[in-house]
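User: I am new to this structure and would like a close look at a single part, the place where two helices meet. Please take it slowly and connect the pieces.

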Amino acid sequence: MARQTFATLIDKPLQDAFKAECKKQGYKQNEVIETLMQGFVEGNIRIEKSISYKVIQSEK
């Protein structure tokens, strides 16, 4: 399997927590990311995007 670098901007606190959790569970970060990506591609992981708006009326 050919390997390729994958770089993207990630929220720092999330990245730090992810790194710590991977280490705690004994996984390399790339192993977890590849597993998540594979699950998403195969349809085993679904993501739903929800956008909502709230109307706030100010008193006059």
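Analyst: The expected span of a helix is 1.5 Å times one less than its number of residues. With that in hand, helix 2 of this predicted model can be read as follows: helix 2 has 13 residues and reaches 18 Å from its first C-alpha to its last, close to the 18 Å expected at 1.5 Å a residue. Helix 1 can be read in the same manner, for its 14 residues reach 20 Å between the first C-alpha and the last, which is close to the 20 Å expected. Just after helix 2 comes G43, which takes a positive phi of about 85°, while helix 1 is followed by G26, whose phi is positive, near 80°.

Now to the meeting place itself. Two packed helices are described by the angle between their axes and the distance between the axes. Helix 1 and helix 2 pack at an angle of about 105°, and their axes lie 9 Å apart. Because angles of 65 to 115 degrees count as roughly perpendicular, helix 1 is roughly perpendicular to helix 2. On the side of helix 1, the contact is made by F18, K19 and C22, and on the side of helix 2 by Q29, V32 and I33. By class, this contact has four nonpolar residues, one polar and one charged.

The largest pocket, with a volume of about 760 Å³, also involves these helices, since helix 1 (12–25) and helix 2 (29–41) are the elements that give two or more residues to its lining. Of the 20 lining residues, F6, N30, I33, E34 and M37 lie nearest the centre of the pocket, and the largest share of the lining, eight residues, comes from helix 2. The lining divides into eleven nonpolar, seven polar and two charged residues. I33 therefore appears twice in this picture, as part of the helix contact and among the residues nearest the pocket centre.

Technical notes:
Residues numbered from 1 in each chain as written. Predicted model: local features only at pLDDT ≥ 70, side-chain atom pairs only at ≥ 80, totals over all residues. Heavy atoms only, no water. 1 Å grid on protein atoms, 1.4 Å probe; cavity = no way out; pocket = protein on both sides within 12 Å on 5 of 7 lines; lining within 4 Å. Points joined across faces, edges and corners; volume = space filled by probe spheres on them. Helix = DSSP H or I, 4+ residues; strand = E, 2+ residues; numbered from the N terminus. Nonpolar A, V, L, I, M, F, W, Y, C, P; charged D, E, K, R; others polar. Axes fitted to C-alpha atoms, helices over the stretch in contact; angles between N-to-C directions. Parallel < 35°, antiparallel > 145°, perpendicular 65-115°, else oblique. Contact = heavy atoms within 4.5 Å.
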